[in-house]
Amino acid sequence: MTPEATELLLRGAEELGTDLSPHVEAFARLLLLLQEGAAQTNLTAIRSEHDIVLKHFVDSLTCLRGRWLDGDGHVLDLGTGAGFPALPLAIVRPDLRLVPVDATAKKIAFVTRTAAALGLENVTPLTARAEALGRDPAHRGGYDRVVTRAVASLPALAELALPLLREGGVLVAQKGLVSPEELEAGRLAAAEVGGEVRAVDAFALPVLGEARTLVVVGKTGPTPDRYPRREGVPARKPLF
Ligand code: SAM
């Protein structure tokens, strides 16, 4: 990683209140592996060092805002893609047990190789659709937290994530700008699947200033057995 990129990483994380200086080497290796991986397969559209540092690494760590992930816990990353936010979180928070999940096997193969190369023993990647996990007794209700970045609309995320959470668990959804309509649909969907919106945290991405929103949904009661609906339906025909 160039000195400029290292400086950006440290500065961006500092704006979030996180000191990444003990982790610079791990992030430099992750950067290299991501660039190598992206050259071989279509892993991510974000390729330059500057963009990877800010739009993948620093952006991923914004889910630490508000301390919703405090305490050790079992955390599922729904639709992790090339490992975001799971891999940056695993580096910074070795106390969390992270399960990055994606429907695409080649993305999970990359996350598995990368976690092993970085010696991240707290990461257990899984190729699966969230709909299938939400109906699988081995996973339904099995997580303290679900994190998810840039995957679906709020009503779809509520239907996919809430079945996976234990009661008292929390979904932290990392989004760009969220319209009032999407937020209202998310509130209604959350209530339908046993949750409620606990916080809407709008902020600017460090250095770049782009708009970001964390939407936090708490699981307050059981999710009815009929949710999640079958594969593809939550995103194609959102509840609200
Ligand atoms: N979270 C990553 C990031 O921020 O870079 C990847 C975002 S990418 C736009 C969305 C990912 O979600 C894709 O890799 C897709 O395969 C995955 N995905 C979408 N719906 C899913 C579902 N129902 N179950 C599992 N993975 C899903």
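Student: Where is Arg-67 in the chain?
Tutor: Arg-67 sits in the loop between helix 3 and strand 1. Keep in mind that this is a predicted model.

Student: What is phi for Arg-67?
Tutor: Phi of Arg-67 is near 60°. That is a positive value, and Arg-67 is not a glycine.

Student: Why point that out?
Tutor: Because most residues other than glycine have a negative phi.

Student: Which pocket does Arg-67 line?
Tutor: Arg-67 helps line the second largest pocket. Other residues in that lining include Leu-16, Gly-17, Asp-70 and Val-92.

Student: How much space is in there, in the second largest pocket?
Tutor: The second largest pocket holds about 150 Å³.

Student: And how does its lining split by class?
Tutor: The lining of the second largest pocket has 4 charged, 3 nonpolar and 2 polar residues.

Student: OK, now the ligand. Which pocket is it in?
Tutor: The ligand takes up the space of the largest pocket. The volume of the largest pocket is about 590 Å³.

Student: What lines the largest pocket?
Tutor: The lining has 30 residues. Closest to the pocket centre are Gly-79, Gly-81, Arg-149, Ala-150 and Val-151. By class, the lining has 14 nonpolar, 9 charged and 7 polar residues.

Student: Which element gives the largest share of that lining?
Tutor: Helix 3, with 3 residues. At least two lining residues each come from helix 3 (49–61), strand 2 (97–102), helix 6 (130–135) and strand 5 (165–175).

Student: How many residues surround the ligand itself?
Tutor: There are 16 around the ligand. The closest are Gly-79, Phe-84, Asp-102, Ala-130 and Arg-149. By class, this shell has 6 nonpolar, 5 polar and 5 charged residues.

Student: Arg-149 again! What does its side chain approach?
Tutor: A polar atom in the Arg-149 side chain is 2.6 Å from an oxygen atom of the ligand. The Lys-107 side chain also has an N or O atom 3.2 Å from a ligand oxygen.

Student: What about the ligand's nitrogen? Which residue has a backbone atom by a nitrogen atom of the ligand?
Tutor: Ala-103. One of its backbone N or O atoms lies 3.2 Å from that nitrogen.

Student: So how much of the ligand does the protein cover?
Tutor: The protein covers 77%. That is out of the 600 Å² of accessible area the ligand has on its own.

Student: Back to Phe-84. Is its peptide bond to Pro-85 cis or trans?
Tutor: The bond from Phe-84 to Pro-85 is cis, with omega near 10°. Pro-85 lies in the loop between strand 1 (74–78) and helix 4 (86–92).

Student: What kind of peptide bond joins Tyr-227 and Pro-228?
Tutor: Tyr-227 and Pro-228 are joined by a cis bond, with omega about 0°. Pro-228 is in the loop between strand 7 (211–219) and helix 9 (233–236).

Student: Why mention cis bonds?
Tutor: Because most peptide bonds are trans.

Key:
Residues numbered from 1 in each chain as written. Predicted model: local features only at pLDDT ≥ 70, side-chain atom pairs only at ≥ 80, totals over all residues. Heavy atoms only, no water. Near = heavy atom within 4 Å. Polar contact = N/O pair within 3.5 Å; in protein donor to acceptor, adjacent residues only side chain to side chain. Areas by Shrake-Rupley, 256 points an atom, 1.4 Å probe, with all protein chains shown as cover. 1 Å grid on protein atoms, 1.4 Å probe; cavity = no way out; pocket = protein on both sides within 12 Å on 5 of 7 lines; lining within 4 Å. Sits in = over half its atoms within 2 Å of the grid points. Nonpolar A, V, L, I, M, F, W, Y, C, P; charged D, E, K, R; others polar. Points joined across faces, edges and corners; volume = space filled by probe spheres on them. Helix = DSSP H or I, 4+ residues; strand = E, 2+ residues; numbered from the N terminus.
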